[in-house]
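User: Hi! I am new to reading protein models. Could you walk me through this one, feature by feature?

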Amino acid sequence: MARVILDSKDLARVDQEFAVESKVWEVLREGSRSVDESDFVGVREVRVNVMTGFQSKPYQRGADNPRSQVSVTKQTLRLEQEDWMGYDLDALDQSENASYNVAEIVETHRRQVSIPAKDTRAVDKLVEYSEMEVEEAVTVENSLEVFDAAEQYMIDNEIVGPYVLFASSEYYRTLKNNEKVTKTFTVNEVSINGINRKVGMLDNEIPIITVPKARLQLFDGKHINFILVPLRVAAPIDKVNDVTLIPASSDRDGYRDTIKGLDYYDLIVFENARKAIYVSYEVATPTP
């Protein structure tokens, strides 16, 4: 029998914790396309233009018709989130373990920490600034009706799409089991801000993205059924996303590579867009 002799160094593959890709932050990325460095005041604040004064009146023939002044003001919004990471990697450990390296640590941190944190922040800001919150108990029987009511609200308030529905796993399940949905519910692959995603869709128009419980259910006494928003309702802004490596040769007290990084970001919700955030929720039952 042939003998297989393995190197003493571990395999490069590691037993990763599963973590899904961004469910909210990157989906809303389109809203930040128009924000650049020139809009920032210092580090923490970003300025956006707000236009007011638009109106229409009946035309008066043979008479002076009133004019209104359109004014443009700067609305200053403040970024609040600063997340720090810092890790030491012993150089000798790295030489003995192929998976214990700088690139693997940075990527794992991004996937397990940074992405969930940004999704959580986005949900928190959407609910905080929503001007349309509806308390309702969702069942299999009424799951389509509550969606129709949200869609009707968008239409009646002239809120421009395309829209996206961020759904809890519970609401997604009830919707799929609604007998009335079978003819309108499909699962398609759609491109949202350059990322192909396989999502459920109603009437082939509104993508439904299920958001993990830990990223969606953030509020005491309030269980989120879904959040319906236009894709450009908010601006996810990454002001600083820096990772610095200090090599082991610079370590005064050992042979350790040091990774340190700063994520400075926030979700900006424009004042005039707040009525476009539709939140369906029900009162959460306290956990005994």
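**A guided reading**

Analyst: Happy to. Let us start with one helix and the strands beside it: α2 lies across β4, β11 and β12, and its direction makes an angle of about 20° with β12. Keep in mind that this is a predicted model.

User: How many helices and strands does the chain have?

Analyst: The chain has five helices and 13 strands. It holds 288 residues, of which 40% count as buried.

User: What is the mean pLDDT of the chain?

Analyst: The mean pLDDT is 79, and 76% of the residues reach 70 or more. Look with care at residues 1-17, where pLDDT stays under 50. For that stretch the model has 21 contacts beyond four places in sequence.

User: How do I read a sheet?

Analyst: Here is the general idea first. Strands of a sheet pair through backbone hydrogen bonds, either parallel or antiparallel. Now the case here: three strands form an open sheet in the order β4-β12-β11, with antiparallel pairing. β4 (81-90) and β11 are the edge strands, each pairing on one side only. From one strand to the next, the twist averages 10°.

User: Over how many bridges do β11 and β12 pair?

Analyst: β11 and β12 (residues 256-269) pair over twelve bridges, in the antiparallel sense. To find one spot in the structure, look for Pro236, which stands opposite Leu267 in β12.

User: Which strands pair with β13?

Analyst: One of them is β5, which pairs with β13 (residues 278-283) in the parallel sense over four bridges. Another is β10, whose pairing with β13 is antiparallel and runs over six bridges. Try following Tyr278 of β13: its bridge partner is Met132, and Leu228 stands opposite Tyr278 too.

User: Now the charged side chains. What should I look for?

Analyst: Side chains of opposite charge can pair when their charged atoms come close. In this model the count comes to twelve salt bridges. Take Arg29 and Asp238, whose closest N and O atoms are 2.9 Å apart in a salt bridge. This pair links distant parts of the chain, with Arg29 in the segment before β1 (40-41) and Asp238 in β11 (residues 234-246), 209 residues apart.

User: Are Arg29 and Asp238 buried or exposed?

Analyst: Arg29 has a relative accessible area of 15%, so it is buried. Asp238 has 26%, so it counts as partly exposed. The cut-off that decides this is 20%: under it, a residue counts as buried.

User: Which residues are linked with Arg29 in a network of salt bridges?

Analyst: Arg29 is joined in that network by Glu26, Lys118, Asp238 and Asp263.

User: Where do Asp124 and Arg121 lie?

Analyst: Both lie in helix α2 (residues 102-129), three residues apart, which is about one turn of the helix. They form a salt bridge, with 3.8 Å between the closest N and O atoms. Asp124 is partly exposed at 26% relative accessible area, whereas Arg121 is buried at 13%.

User: Which strands hold Lys222 and Glu133?

Analyst: First, the side chains of Lys222 and Glu133 meet in a salt bridge (2.9 Å, N to O). Lys222 lies in β10 (residues 222-230) and Glu133 in β5 (residues 132-135), so the pair ties together parts that are 89 residues apart in sequence. Glu133 has 31% relative accessibility and counts as partly exposed.

User: Could we finish with one residue in its surroundings? What does the side chain of Asp266 make a polar contact with?

Analyst: The side chain of Asp266 makes a polar contact with the side chain of Arg121, at 2.8 Å. A polar atom of the Asp266 side chain also lies 2.8 Å from the backbone nitrogen of Glu80. Asp266 lies in strand β12, and it is buried, with a relative accessible area of 1%. Leaving aside residues up to four places away in sequence, Asp266 touches several others, including Trp25, Arg78, Lys125 and Pro236.

User: What share of the contacts between residues at least 6 apart join residues at least 24 apart?

Analyst: Among the contacts in the chain between residues at least 6 apart in sequence, that share is 77%.

Note on methods:
Residues numbered from 1 in each chain as written. Predicted model: local features only at pLDDT ≥ 70, side-chain atom pairs only at ≥ 80, totals over all residues. Heavy atoms only, no water. Salt bridge = Lys/Arg side-chain N within 4 Å of Asp/Glu carboxyl O. Helix = DSSP H or I, 4+ residues; strand = E, 2+ residues; numbered from the N terminus. Buried < 20%, exposed > 50% of the residue type's maximum accessible area, 1.4 Å probe, protein only. pLDDT = per-residue confidence, 0-100. Contact = heavy atoms within 4.5 Å. Pairing = 2+ DSSP bridges. Axes fitted to C-alpha atoms, helices over the stretch in contact; angles between N-to-C directions. Polar contact = N/O pair within 3.5 Å; in protein donor to acceptor, adjacent residues only side chain to side chain.
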